[in-house]
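Please prepare a short briefing on strand pairing in the structure shown here. The topics of interest are the pairing partners and the arrangement of the sheet.

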Amino acid sequence: MALPSPLVSRVGRFLVIHEESFAGVSISSNVYVLRDEGSFYIFDASGHKSLLSYLASMGIHGSLIAGVFLTHGHYDHVRGLESLREYSPTAYISSRDRQLMEETVRGYPSCSDFSEAKEVLSRLGLVSIPTPGHTPGSTCFYSPGEYLLISGDTVFTDGYFGRTDLPGGSDSDMLESLERLSGMRVESLLPGHGPVASESGSRHILDALSCAKGMLRG
Ligand SMILES: [Zn+2]
């Protein structure tokens, strides 16, 4: 597949649509795309109302999108679902963030909890990891075969971690989640915002944990 702009890159099996692709349209997030034979899975829908047309410009037609995995329910990660209603691929989100998502995307026709996503994730070589702290239902996706982590707004590169001062945020949960992630081997770190890291992901996570220990009260 041809990459349409420098704002799209590739890390392992994943296409990375950097959030700057959507700049000027709305506050957005990075979007990750995984191809599974003839279909595609999307990780975070961005805040871009026209996500569908953006994907179409990359040759990813709406009818080929088999599912959308959401790291959490904030509008800058879920609003793009609006543009997928016509095809309504199943949106997977933690039940703890479902209501938050519905504040932005009301009545999306096909929505499931991760308990129903295990089979699909396992076929894709991924597992979901609950990482509350930024929101109660924040979730990361890990590929044990590639040591790759899609980390939403829990942890970013260069020692940053997600804010905990929004409704539902928790300092102690964030610390526990960062501890949990720091115990895993991560090479590629694909966060919800900012640059991605294609190596040394664990170092970025350890830096974030050490910053969080200094800044948050557990
Ligand atoms: Zn967020």
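The points below are grouped by topic.

The model is predicted. Strand β3 (residues 31-36) is joined to β2 and also to β4. Elsewhere, β8, β9, β10 and β11 form an open sheet.

**Strands β2, β3 and β4**

- Strand β2 (residues 14-17) and strand β3 (residues 31-36) run antiparallel and are joined by 4 bridges.
- Within this pairing, Phe14 stands opposite Leu34 of β3.
- Antiparallel pairing also links β3 to strand β4 (residues 39-43), here through 5 bridges.
- Leu34 has Tyr41 as its bridge partner in β4; Leu34 thus faces Phe14 as well as Tyr41.
- A hairpin is formed by β3 and β4, with 2 residues between them.
- Glu37, in the turn of this hairpin, has a positive phi of about 50°.

**The open sheet**

- The sheet contains 4 strands in the order β8-β9-β10-β11, and its pairing is mixed.
- The edges are occupied by β8 (127-130) and β11 (188-191); each has a single partner strand, so one side of each is left without a neighbour in the sheet.
- On average, neighbouring strands of this sheet are turned by 20° against each other, direction ignored.

**Pairing of β9 with β10**

- Strand β9 (residues 139-143) runs antiparallel to strand β10 (residues 148-152), and 3 bridges join the two.
- Tyr142 has Leu149 as its bridge partner in β10.

Technical notes: Residues are numbered from 1 along each chain as its sequence is written. This is a predicted model: local features need pLDDT of at least 70, side-chain atom pairs count only at pLDDT 80 or more; totals for chains, interfaces and linings use all residues. Two strands pair if DSSP finds at least two bridges between them. Axes are lines fitted to C-alpha atoms, for helices over the stretch in contact, and angles run from 0 to 180 degrees between N-to-C directions.
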